[in-house]
Each structure stands twice: as structure tokens, then as C-alpha cells.
Amino acid sequence: MALGKYDPESVEGKWQRAWTESRCFEVEADPAKPKYYVLEMFPYPSGKIHMGHVRNYSIGDVVARFKSMQGFNVLHPMGWDAFGLPAENAAIKHNTHPAKWTYQNIADMRAQLSRLGYSYDWRRELATCRPEYYKWEQKFFLKFLEKGLAYRKNSPQNWCPGCNTVLANEQVEDGLCWRCDSPVEQKDMEQWFLRITDYADELLKDLEGLEGGWPERVLTMQRNWIGKSYGAELTFQVKDMDETITVFTTRPDTLFGATFMSIAAEHPMVEKLTGDAANKDEIDAFVTRIRNMDRIKRGADDLEKEGVFTGRYCVNPVTGVEMPIYVANFVLMGYGTGAVMAVPAHDQRDFEFAAKYNLPLKVVINPRELSDKGEVLDPADMQAAYSDPGILVNSGQFDGMENEPAKKAVVEHLDKSGLGKMTVNYRLRDWNVSRQRFWGAPIPVIYCDDCGVVPVPEKDLPILLPENAQVRADGRSPLPEMAEFVNCACPKCGKPARRETDTFDTFFESSWYYLRYCDPRNEDAPFDPAKVDYWMNVDQYIGGIEHAILHLLYSRFFTKALRDTGFVSTTEPFANLLTQGMVLKDGGKMSKSKGNVVDPGAMIAQYGADATRLFILFASPPVKELEWSDQGIEGAFRFLARLWRLVEELEGALAPVMPGSYAEPGSDAAKQLRFKEHDTIRRVTRDIENEFQFNTAIAAVMELVNEIYGLKDDLSGEPGALSSAVATAVTLLSPVTPHICEELWRAMGHAEPLAVQAWPTHDEGALVKDQVTLVVQVNGKVRGKFDAPNDAPQDVVKAMAMEQENVVRFLEGKTVRKVIVIPNKLVNIVVG
């Protein structure tokens, strides 16, 4: 076939149609074949793909095509994270319904992704907003409720006034809503929670099994978020009240030095302690202000410490000292009990607070060097808290003990009187899954005045989201005002009852979609366990670092919860994780406000999908940030055009041979090309398999193309060598730029598509050279090079090195002390 001029649009359209018609990316579970499940985090259907999408999905497509050519049964699906605030807010802005907005965007984005030639099995496409999907998560919730993993409680929640909904702790960033950047407030509400804390230990321990497969940074972020710490719970009696305050501390050895108590603004005891306080208005104003502060800032070391005295005291259980109780801005309900015994001599936060409010310091841990001299640290001389190890002083019967063993001894002493016990604490808090917005899956419970909270019977699932609802301009959910949705009969007693009008957090949907892909058209169950057993775990998951905590932690929990409710047998969802870097332009993140957005559609129209894919994969290693460059994509296009011209020039000489197939003795040029060909196979295979170094793999193919250009005239009589090398270049590049490679493969005379060919393997014998080039150094400086037979004897190599013209000049008048030979690489002559 005559190639003619390279026209990306016609070539890419032709092969996308061919792949669709041949159904070559459609797969089924087959226990007789080794499987490989590659998955990119599915997108929110915003309406347009951006360059971040292109990078993410191009990485995944290279992996999928590569593994398929290696003989794996590859599952590579795509779908849509379709519920949630973005779609609802966009629909409000455009005065349309979220469903209409979402489905139109899905159609547009599907077309855009198809234009890039990704190897998706589109039969498995899912959208989380469809009843056939969320029906099953409603069932999961009922099972969680039955098992005690779901519960409802009233508690202070992060409230976004801009989105009119509650946010999980993880969705508050610097005190602002992660979606709309509105300042987040605190609001007491009845909400549904999942007991992710029941799995804290397992979530933490199982991170060990992910080491080597997940980035260490992500593992560290999850460990820190779970936040396991060992310590003690101690009880303090409130003076003149029949109340106690329990604290968690990792430093029970400092109990004798506690001089005041700090409690969080959200602590349930605040109202009891301050009900009759003279400064009640001041306390209430402080509590309101602190509750609405960003929690991360409240926990920061550089936070200016503030507090207000409650007017109440508690009693130190070992000293009997009456300790003033303060509400303090740096104490959080999200860690421990929300109350802290303050030991200002040995904790820097407490030290700063005590200095500000003129509270006493008491030293109870003495530096060893002072104890050895019979001296004790003087609080009056302290410029900062002493938090290092030491010897107990001013601690009654524990004086003279090392502080580490004293921790256990103090708690054992308190345990006898019921005032203390050893315990473990976690930073992790249960997952709030209630959202007060319309565009989400309805929570399947009913409220009856007589029966209380009643689960919806499974036979009545799904509880459909009424798509005839009119969304409100202020973002408030219309569901509470829709009588036809709210009013129902109690499944237990038959009396009038009310449906829950909250919907699930959108992370509920994304926490199990990877399982549904295994069996997406099942109408009788969320999935066939046998199919899940075959496909899971996901072998390679790909997405942004911004999901390190929220989505990835929730998905890990969900998998374990589904295991414990009998749905799956797997424990971890994602065996390996790649977090790709962002795509930048002009040194910053692409955004419409900065005017630096690059439209993938425009790039595809101008340069083609293959050139767009090539640039996005060649410009930077996948885990690094990528700086967009117009010159870069132009260079990618020029390389593809150059490859096209190479095949066009050689078209009459090329035969439909397999890559790496040429094995004739041949001329020196043929041997040189064969070496380069097999070395390229080795390098590309290694670089893709080892951390997906696509940029270096592409560079290796470019070198091979250059080598073919340089030797093609010398090989005019050896078409087999040229055919094999061109076939290798086209095959190795095909996962990156599949359309042009398919066309060039066909131009070489092949009948079967390249997408179904086997990945080539290199021949070690081809990498053994008859001749090698050795470098000659004199006293460590390069003075010459020469060619010698491969593996030549050392005496022969030494003699040849000493005979090199330039080397002789540097040896004149000098004594050769030593000659060091590194076989096939280097000769170093030491002279004096």
C-alpha cells in the first residue's frame, strides 16, 4: 500500500473504527489466562477533558497495551464519577437539571477519550448516578447497618454554607471547602457515619503489604492520617461538680507536673462547666470563633495560643492540686478525648499558653546531667519546655525513676483506684457519609415515630433519586420539600413515615467502582464473586497524589467492610499505585483564571492524538510534574512524520517480518543494526516494566530510528535487517502512538493488527559485539580510544593501548607503574 502524506486525522479515525469493529479490547474472565487489571481513577464528567486527564489515561493505556502484548488478559475499563456537588452546582449555574448536565457531559467526554485511541473495554462503562449502580451501594449500606458498621449520631459537623452541605474532615483544606473555597463553619447535626475506626489497626498494618507497590509518600500520609499512638487515659474529678474529665496522654510520667487543664471548644463538657460563669458571653464568643477555625491551623506548632478560663477547676489525681480548666484553641476533639492535662514545664504548647496566662510551671522530669550533680531544673530559668528524657523529680514515690519506665508505673498506680489505664488512640475518625444535597444516592432508611429508624427492605431497592426534582438556586436540596419522595409507609408497622432526605457522600460511590467493573451488567448482584476473584486486585492503579487520603483510604476500608459482610474475599483493592505529576504551563497549574489552559481537543486537531500522547509521555517521567511546551508537541509531531517518511522511503524493500527476527551473519552494518535493535528491545522493556519510565523508553526508540536512517543506504542489499529493525521500532512505539504504528505495520504488509501481536524479546546473543571500543586513560585522564576484539586477552589489550599514537606522547620519558584493564571498557595506564 502507498502511504502518501502523513495525515493523523484520517489514520487515527481509521484505526479507532477498526479496533471497535474487531472488539480487540473486549475481555472476559478466563482462569486459563494470566490476568492484568489496569485502572486509572475515573473522572468527574465536567464536560471537557484536560491535559491532566490525557496524561493519566495515556499512562494507563501504555501499560494496558504493553501487558496485553506480553500475553496477559488485560482488563482496562472506564466510567464516570457522576454524582456530587460539581455537577449539581454547574447545573444550577446553567439553569438545568444535574442529570441532563451529567449525561450530556458523559457523551461529550466519551467522544473525546475515544478520539485519543485508548484501549478501553467500553462495554464495561458505568456511571455512578445510574440506579443500576447505586442500587447496590444502598444494599451495602443496609448490610453495614445490620453489622453495626453504620450508625447515626448528633455531632458538630463541618458545614459549607456555599455548598449547603456537610463535609468530611478530609474535605476541609485550610479552613475552606475543598470544592468551592467557602469558609467552613461548625454545625450540630444528626448524621450517618461508617465505623472506619473499627478498621484502624488493620488499615495501618496492611500498609506494610503495599510497601514497594505504593509510593512511600502515600503510605506515610495514610499512616499519619490514621495516627496511632500509645498512651494512657487518666480521669480528673471536677471540683464542686459530679463530673469527671478524661484525658488521653502519651506522657503519664509527667502527671505530677500538670498545673491546668485545656479542653477543646467542641468538648461536650464546655456548656456544663460554663453554664453559670460570670464571663459566659466571652466564653461563648470564643467557643464559636474557635469551632469555626481551620482544624489544621489549630493543630499547627506556630499557632498563637489562646484560651478562656471556664471558672471551674479539676483535681490532679496524684497531687490533689486544683487545676484551672481553660477552653484552648490548640486542643482538638478529633484527637484523644478533646481534653489535655497541661504540663507546661514539659510540653511546648502548654509552656506558651502558661506564659501568656501566667500559669504555674512545675518541673517533674530532670535532665540526667543535672540529676547526676544533685541539681534540679529551675522553672524560673526556663526559656522553653524540657521535653527530652530524664529522671523523675517532684513526683512522690516515683522520684529517681527513668521517665520511660515511669510511664507504666504511674498508670498501674492509678489503675488500682480506677483513675487511669493504658490505651491506644487514633487520629482517624469515623466517616461521615451524609450530605444535604440533591445530586447523590438516597440513603435507604425511613423514620417512623413509633418504630424509630427503619432500614428500607432490600426488595424495595433502589430508592430512586427523583429526576423530576427542581434544583434550587441556593444549593439546598429539594428532597425535604418533595412530599412524593418523603412521605411513605413504615415497613414495620405500616403507619405514615418519612424517608431520609440526605444523600451519600460521593466518595461512597468511588469506594467500590473498581469491583463493579469486574461484572458491570449483573442485574442480580453487585458482581459475581468468581469474576471478582479472578480480576481483583487491581494490578496497577493510576491517579493523582491529591487522592492519597480521601479516596484511597476509603476504598481500602470499603474493601475490608465488603469482605466482612460476605461480598468479596480480597482485603486490599490496589496492589500497585502510580501517582502522576501535574501538567503545568508557564510554571503554574493550568487554570482558566490564569489563561494558561491547553485544550487537548485543539492539540489533537492540529497535531493528532498520537503526537499529543507522545509528547505527554516523553516530556517527563510520569511521577514528575510536566511543563507544557508548544515546541515539545511540535517536536513530537516531527518525529512521527520522520518515522512515517522512513517507512515510505523503504516501502518497496520492507517485508512483513516480526520484530527482532533478523539473525543472518550479515555485513558489519547489519550486525551494528541488529545490536541496536535488540538493545532497544531490552531497554524499552526494562524501562516500561521498571517504574514506567516512558520518556527513556521513547528516547531509545528514537535512537533506533536514527540508527536505521544512518545505515539504510549501507543495507540496501540486506532488506531483512532493515525490515526487522523497522518492525521493532514500530512495535515498541505502538503502546505510546498506536494509530500511526498500526498504519505503518500494515504498510509493511502485515495482515493482523499490531495491537494483537506479541511483545518482542531481545536476543542476548545479538548484544555480544565482535569488536568493542575501549577508552585509554593515562593517570586517569582520557588520552585515546581504540577498537579491539570482544573479550581479547589482557596482554593483547595492554599492548594495543600502549601503541595508540596520542597515548605514546603521554608516555614519553615516564615510567609505567601499572596498567589496569577493565574488560571491554577501559585501560588506565599509571605512570610516574
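Here are four short exercises on a predicted model, each with a worked solution.

**Exercise 1: Follow a chain of paired strands**

Task: Find out how strand E7 pairs with strand E3 and with strand E17.

Solution:
- Begin with strand E3 (residues 150-160), which pairs with strand E7 (residues 185-194) in the antiparallel sense over ten bridges.
- For one of these positions, look at Lys153, whose bridge partner in E7 is Gln191.
- Next, turn to strand E17 (residues 431-432), which runs antiparallel to E7 and is joined to E7 by two bridges.
- Here Phe193 has Asn432 in E17 as its bridge partner.

**Exercise 2: Get to know Asn432**

Task: Decide whether Asn432 is buried or exposed, and work out which residues Asn432 touches.

Solution:
- Place the residue: Asn432 is found in strand E17.
- Check the accessibility: the relative accessible area of Asn432 is 3%, so this residue is buried, the cut-off being under 20%.
- List the contacts, leaving out residues up to four places away in sequence: Asn432 touches Gln157, Val166, Gln191, Trp192, Phe193 and Asp505.
- Take Trp192 from that list: 240 residues separate Trp192 from Asn432 along the chain, yet their C-alpha atoms are 5.9 Å apart.
- Finish with the polar contacts: the side chain of Asn432 meets the side chain of Gln191 at 3.3 Å, and also reaches the backbone nitrogen of Ser434 at 3.0 Å.

**Exercise 3: Find the edges of a sheet**

Task: Which strands stand at the edges of the open sheet with the order E27-E26-E28?

Solution:
- Read the order of the three strands, E27-E26-E28, and note that the pairing is mixed.
- Look for strands with a single partner strand: these are E27 (588-589) and E28 (626-627), so they stand at the edges, and one side of each has no neighbour in the sheet.
- Now examine one pairing: E26 (residues 583-585) and E27 are antiparallel, with two bridges.
- Within this pair, Lys585 stands opposite Gly588 in E27.

**Exercise 4: Two residues in helices**

Task: Describe the surroundings of Pro8 and of Arg683.

Solution:
- Start with Pro8, which lies in helix H1 (residues 8-22) and is buried, with a relative accessible area of 10%.
- Beyond its neighbours within four places in sequence, Pro8 contacts Tyr607, Gly608 and Phe637.
- Add a distance: Pro8 and Ala609 are 601 residues apart in sequence, with 7.5 Å between their C-alpha atoms.
- Move on to Arg683 in helix H22 (residues 668-689); its relative accessibility is 17%, so Arg683 counts as buried.
- With neighbours within four places in sequence set aside, Arg683 is in contact with Lys676, Ala700 and Glu703.

Conventions. Residues are numbered from 1 along each chain as its sequence is written. This is a predicted model: local features need pLDDT of at least 70, side-chain atom pairs count only at pLDDT 80 or more; totals for chains, interfaces and linings use all residues. Side-chain values use heavy atoms; hydrogens and water are left out. Two strands pair if DSSP finds at least two bridges between them. Helices (H or I, at least four residues) and strands (E, at least two) are DSSP runs, numbered from the N terminus. Buried means under 20% relative accessible area, exposed over 50%, partly exposed in between (1.4 Å probe, protein chains only). Contact means heavy atoms within 4.5 Å. A polar contact is a pair of N or O atoms within 3.5 Å; within protein, one must be able to donate a hydrogen and the other to accept it, and residues adjacent in sequence count only if both atoms are side-chain atoms.
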